[in-house]
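I opened my notebook to look through this protein step by step. Here is what I looked up, in the order I did it.

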Amino acid sequence: MLKTDIELLIRSLGIGATYRGYRYLSYGLQLCLENEDYLLSVSKLLYPQIAEHYYTTSCSVERDIRTVIKVCWEREDQKLLQDIALRPLCNKPASGEFFDILTAHLKHKSISPSSI
């Protein structure tokens, strides 16, 4: 999966590169696509790996990821996120759920290319 595909998906969800969480989310999705075990323990495996890569703390990564999820969720048009999730989302997804939704979408997209 190309980094540009990941960034295009993130931007299409209304998350701009002006958020620190944008870079963290992008790198985290790359890691999850390489190894889905990161999805099993986002707080204990994924966040520390992202933090190490960006020379910051896991707490900072977690906060900034929550911020971009909030930005995505509070957009007026949540249709794209709903479509990607393949099920109704009644509440804002938790971080692990958000990574899972986007990772599954990107994996599916790489198997059968279609528009985002």
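**Entry 1: The surface**

I started on the outside and looked up the accessible surface of the protein, which comes to about 6,600 Å². Carbon and sulfur atoms hold 51% of that surface. I also noted for myself that this is a predicted model.

**Entry 2: Overall build**

Which secondary structure does the protein have? I counted six helices and zero strands. Reading from the N terminus on, I wrote the elements down as α-α-α-α-α-α.

Next I looked up the dimensions. The C-alpha trace spans about 35 × 30 × 25 Å along its principal axes. I then checked the radius of gyration: for 116 residues, a compact globule would have one near 13 Å, and the protein has 13 Å, so the two agree.

**Entry 3: Inside and across the chain**

How many of the 116 residues are buried? I found that buried residues make up 41% of them.

I also looked at contacts between residues at least 6 apart in sequence. Of these, 56% join residues at least 24 apart.

Then I turned to the charges. The protein has 14 positive and 14 negative charges, and their mean positions are 4 Å apart.

**Entry 4: Helix α2**

I picked helix α2, residues 20-34, for a ruler check. At 1.5 Å a residue, its 15 residues should span 21 Å, and the end C-alpha atoms are 22 Å apart, which agrees.

Why do I call α2 largely enclosed by the rest of the structure? I do so because 11 of its 15 residues are buried. I listed them as G21, Y22, Y24, L25, S26, Y27, G28, L29, L31, C32 and L33.

**Entry 5: A closer look at S26**

I chose S26, which has its place in helix α2. Is S26 buried or exposed? Its relative accessible area is 2%, and buried means under 20%, so S26 is buried.

What is S26 in contact with, leaving aside its neighbours within four places in sequence? I found K3, I6, E7 and I10.

**Entry 6: Helix α3 and just after**

My last stop was helix α3, residues 42-54. Here I marked V42, L46, Y47, I50 and A51 as buried. I wondered about the spacing in that list and added a reminder: an α-helix has 3.6 residues a turn, so residues three or four places apart point the same way.

Just after α3 I came to Y55, and I wrote down its positive phi of about 55°.

Definitions and conventions:
Residues are numbered from 1 along each chain as its sequence is written. This is a predicted model: local features need pLDDT of at least 70, side-chain atom pairs count only at pLDDT 80 or more; totals for chains, interfaces and linings use all residues. Side-chain values use heavy atoms; hydrogens and water are left out. Helices (H or I, at least four residues) and strands (E, at least two) are DSSP runs, numbered from the N terminus. The radius of gyration is taken over C-alpha atoms; the globule rule is 2.2 Å times the number of residues to the power 0.38. Buried means under 20% relative accessible area, exposed over 50%, partly exposed in between (1.4 Å probe, protein chains only). Contact means heavy atoms within 4.5 Å. Accessible areas come from the Shrake-Rupley method with a 1.4 Å probe; for residues, only the protein chains shown count as cover. Lys and Arg count as positive and Asp and Glu as negative; His and the chain ends are not counted. The place of a charge is taken as NZ of Lys, CZ of Arg, CG of Asp or CD of Glu. The expected span of a helix is 1.5 Å times one less than its number of residues.
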